[in-house]
Every structure is written in C-alpha cells, then in structure tokens.
Amino acid sequence: RGAVSESGHAAPDGGRRPQAADGGGSEQVGRGPAALGAGTGSHGTGLVTTLLDAIPEPVFVTDGAGSLVHWNEALRTRTGYGDATLAELRPEQLFTADDREVVAAALSAALEDGTATNRVELGRRDGTAMPGALTATRLADATGESSPVLVVVRDRTTEAAYEQELARQRERLEEVVSSLSHDVRNPLNVVSGRVQLARDTADEE
C-alpha cells in the first residue's frame, strides 16, 4: 500500500485513505485495526494506550507481519496523520522515501538480533520531515505466534540544526584558512626570491 493523504485522495504511490461508512472522509475512532479487539488498539481504553501516550516521542508497534498495530498520540501529532490513515500505512511509509529501505532493514534486524538503531527522517503530512533517531526493539510475545517490534523515533531536530551549523562554520573556517595560507604564501615567495637574488649577487661579486 502506498502512502495515504488525509484528504481521501490517492497518494503518489497509489495508497488511498479509507472512507467513512457514510461515504465521507472523516477519521475513524481508535488507533489500530479493529481485529485487535476492544481496548487493544492504540487509542482504545486499554493499558497499552495509557503507556504509549505517556511517551513524548513518536512510538508505534508492528506485528509479526510488519503491520502497524499500536501507535501513540505523539506519532499523530508529529506526522499530522489521523488514526484511519495510520491504520492503512506500513511502518516504512511513515518515513521519507530515501529512508524507507533503511527502516525496513532496521525492523528486520530487530526481529533477528533483538534491537536495531539508525538515523532517519519521519515524514509529515505537509511534506516536511522530522530528523529522528530510530530504535527498534523486539518484544516478547506470550502466544509465540508473532514477534511484535516496538519502535521509538527520538526527535533530533535541535541536534540536526546544531550539526548543520557546525558544518557551515567548518566550511567558513576552511575558507579563511585557505585564504590566509594564500596571503601568507605570496609574501614569503617574494621574500624567498629576494633572498636568493641577494645571494646570487653576492656570489657574482
């Protein structure tokens, strides 16, 4: 499935937001597929909702098949997507196109090794992105039928801005050093030439 827009129109990669029963485009109530049962969806009335919503960073849980089954309010807020849209997206579709393979690989690595981390950009409904640090952790499943993965995306907006500023300052410093080196090298070449000329003149005398 492709990424989905909140307007109900097909997204560029072919996804489509589900319509309400009356044909409108309003979001459905609840976070997570109805098949999970009452109170087990991410915005139901269960303990999962309370725990996830207490986390200030975007968080979601995938099932063994790689589908979103739980998410918190912070994910809705940071992405701008509603519950019905999130229920139709695969985990990697929450991120920018350049990072989707990275996210898929991290989820696979978490299933194999227990945990995985990577720097990614969380996509937003308005087309912008949030720099983030993804941590995926495999959870124990009592039934043994699936392996849920808990994903936390830490906001790196401030860090990324700081890193960009450091990079700009480094570039400016390199330009200054290069300019100074050129300015110093030219007078030294002149002085060296004059010293050599003086030596040649002395030798001739």
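The following exercises, each with a worked solution, concern a predicted model of a protein.

**Exercise 1. Fold and sheet**

Describe the order of helices and strands along the sequence, and then state how the strands are arranged in the sheet.

*Step 1.* The elements to be placed are five helices and five strands, and reading along the sequence gives the pattern α-β-β-α-α-α-β-β-β-α.

*Step 2.* In space, the five strands form an open sheet with the order β2-β1-β5-β4-β3, and the pairing is antiparallel. The edges of this sheet are β2 and β3, each of which pairs on one side only, and neighbouring strands are turned by 25° against each other on average when direction is ignored.

*Step 3.* At one end of that order, β3 and β4 are joined in the antiparallel sense over nine bridges. A residue-level view of this part of the sheet is given by Gly 123, which stands opposite Ala 129 in β4.

*Step 4.* The helix α4 can now be added to the picture, since α4 lies across β3, β4 and β5 and runs at about 20° to β4.

**Exercise 2. The nonpolar core**

Identify which residues touch the most other members of the largest nonpolar core, and determine which elements supply two or more residues to this core.

*Step 1.* The largest nonpolar core has 22 residues, and those that touch the most other members are Phe 60, Leu 94, Phe 95, Leu 134 and Val 151.

*Step 2.* Two or more residues come from each of β2 (68-71), α4 (100-113), β3 (115-123), β4 (129-138) and β5 (149-155). The greatest contribution is that of α4, which gives four residues.

*Step 3.* Leu 94 may be followed individually: leaving aside residues up to four places away in sequence, Leu 94 touches Phe 60, Leu 68, Leu 75, Leu 86, Leu 89, Leu 122 and Gly 123.

*Step 4.* For the protein as a whole, buried residues make up 32% of the 205 residues, and among contacts with a separation of 6 or more, 46% are between residues 24 or more positions apart. The accessible surface comes to about 12100 Å², with 54% of it belonging to carbon and sulfur atoms.

**Exercise 3. Salt bridges and their exposure**

For the pairs Glu 57 with Arg 78, Asp 83 with Arg 76, and Glu 159 with Arg 154, work out which partners are buried and which are partly exposed, taking buried to mean under 20% relative accessible area.

*Step 1.* A search of the whole structure finds seven salt bridges, of which one joins Glu 57 and Arg 78, with the closest N and O atoms 3.9 Å apart. This pair links distant parts of the chain, for Glu 57 is in the loop between α1 (47-53) and β1 (59-62), while Arg 78 belongs to helix α2 (residues 73-79), 21 residues apart. Glu 57 has a relative accessible area of 21% and is therefore partly exposed, and Arg 78, at 25%, is also partly exposed.

*Step 2.* Glu 57 and Arg 78 are, moreover, linked with Asp 155 in a network of salt bridges.

*Step 3.* In the salt bridge between Asp 83 and Arg 76, the closest N and O atoms are 2.6 Å apart. Asp 83 has 5% relative accessibility and so counts as buried, whereas Arg 76, at 23%, counts as partly exposed.

*Step 4.* The side chains of Glu 159 and Arg 154 meet in a salt bridge at 2.5 Å, N to O. Glu 159 is partly exposed at 32% relative accessibility, and Arg 154 is partly exposed with a relative accessible area of 36%.

Conventions: Residues numbered from 1 in each chain as written. Predicted model: local features only at pLDDT ≥ 70, side-chain atom pairs only at ≥ 80, totals over all residues. Heavy atoms only, no water. Buried < 20%, exposed > 50% of the residue type's maximum accessible area, 1.4 Å probe, protein only. Contact = heavy atoms within 4.5 Å. Areas by Shrake-Rupley, 256 points an atom, 1.4 Å probe, with all protein chains shown as cover. Core = buried A, V, L, I, M, F, W, Y, C linked by side-chain atoms within 4.5 Å. Salt bridge = Lys/Arg side-chain N within 4 Å of Asp/Glu carboxyl O. Pairing = 2+ DSSP bridges. Axes fitted to C-alpha atoms, helices over the stretch in contact; angles between N-to-C directions.
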